[in-house]
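Q: I am new to this structure and would like a close look at one single part of it, set against the chain as a whole. Could you take me through it with care?

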Amino acid sequence: MAARAKTLRFLPHRVDLKTDTPEGENAPEYVAMGKCGPGDVLVADLQGRIQDVVAGDVKLLQLKMNNADGVVIDGAIRDLDVLRDEEYGLIVYATARSLHGGPSVAPAEEDIQIQCGGALVRPGDVMVGDDDGVIVVPSWMAKDVLEHATEHEEVENYIKEKIRDEKVAPGKYYPPRPESFEEWRRVKKERGL
């Protein structure tokens, strides 16, 4: 996954928060989900509370209908089996799964700076995820990070190729050194890549 962050913050329940926060379709969670479309991911700050959930299949239907890329949750999610079985097509990262329906925190603010997993997330930052987890790439450096990560992956693949061909221990070439990058650039040019 590589998608733009649309943010949502949950806060502990309090009477005045409930009074100050719109409900129904104008609630912050639905406004945030409504801003998500292709290339976007909802990033929700539940303060790492693994017993609390952002949503289940009914609420997340809005993300599916908008063709959003997915959801990243610093907290729990439920109904993951329904999302899979009904082919929501959402990429889901969450701290945990929970069966709880009524969280002890409430959606309070959207489209603001939040924290997720201890990292600052600003609206528009790029969330990059794979099977190992998710990282936040500030929007202003996303292009440079992509170029560096792409080349680094190419160099590691080249190193694996050399290790297999020479049948040597990885330590001969790994971790990559500056000369590994220089060598890869020459080889890449020779191969016309």
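A: Of the 193 residues of this chain, which is shown here as a predicted model, 36% count as buried, and the part chosen for a close look, helix α3, contributes to that buried portion with Asp-57, Leu-60, Gln-62 and Leu-63. The helix itself runs over residues 57-65, and the elements that cover its buried residues include two other helices, α2 (28-34) and α4 (80-85), together with the strands β2 (40-53) and β3 (70-77). Just after α3 comes Asn-67, whose phi is positive, at about 60 degrees.

To place this helix in its setting, it helps to turn to the whole chain, whose secondary structure consists of six helices and nine strands. The radius of gyration of the chain is 21 Å, whereas the globule rule gives 16 Å for 193 residues, and because the value is well over that figure, the chain is more spread out than a compact globule. Along the principal axes, the C-alpha atoms fill a box of roughly 65 × 35 × 30 Å.

As for how the chain meets itself, among contacts with a separation of 6 or more, 65% are between residues 24 or more positions apart. On the outside, the accessible surface comes to about 11,200 Å², and carbon and sulfur atoms account for 52% of that area. The chain also carries 25 positive and 36 negative charges, and the mean positions of these two groups lie 5 Å apart.

Technical notes:
Residues numbered from 1 in each chain as written. Predicted model: local features only at pLDDT ≥ 70, side-chain atom pairs only at ≥ 80, totals over all residues. Heavy atoms only, no water. Helix = DSSP H or I, 4+ residues; strand = E, 2+ residues; numbered from the N terminus. Rg over C-alpha atoms; globule rule 2.2 N^0.38 Å. Buried < 20%, exposed > 50% of the residue type's maximum accessible area, 1.4 Å probe, protein only. Contact = heavy atoms within 4.5 Å. Areas by Shrake-Rupley, 256 points an atom, 1.4 Å probe, with all protein chains shown as cover. Lys, Arg positive; Asp, Glu negative; His and termini not counted. Charge placed at Lys NZ, Arg CZ, Asp CG, Glu CD.
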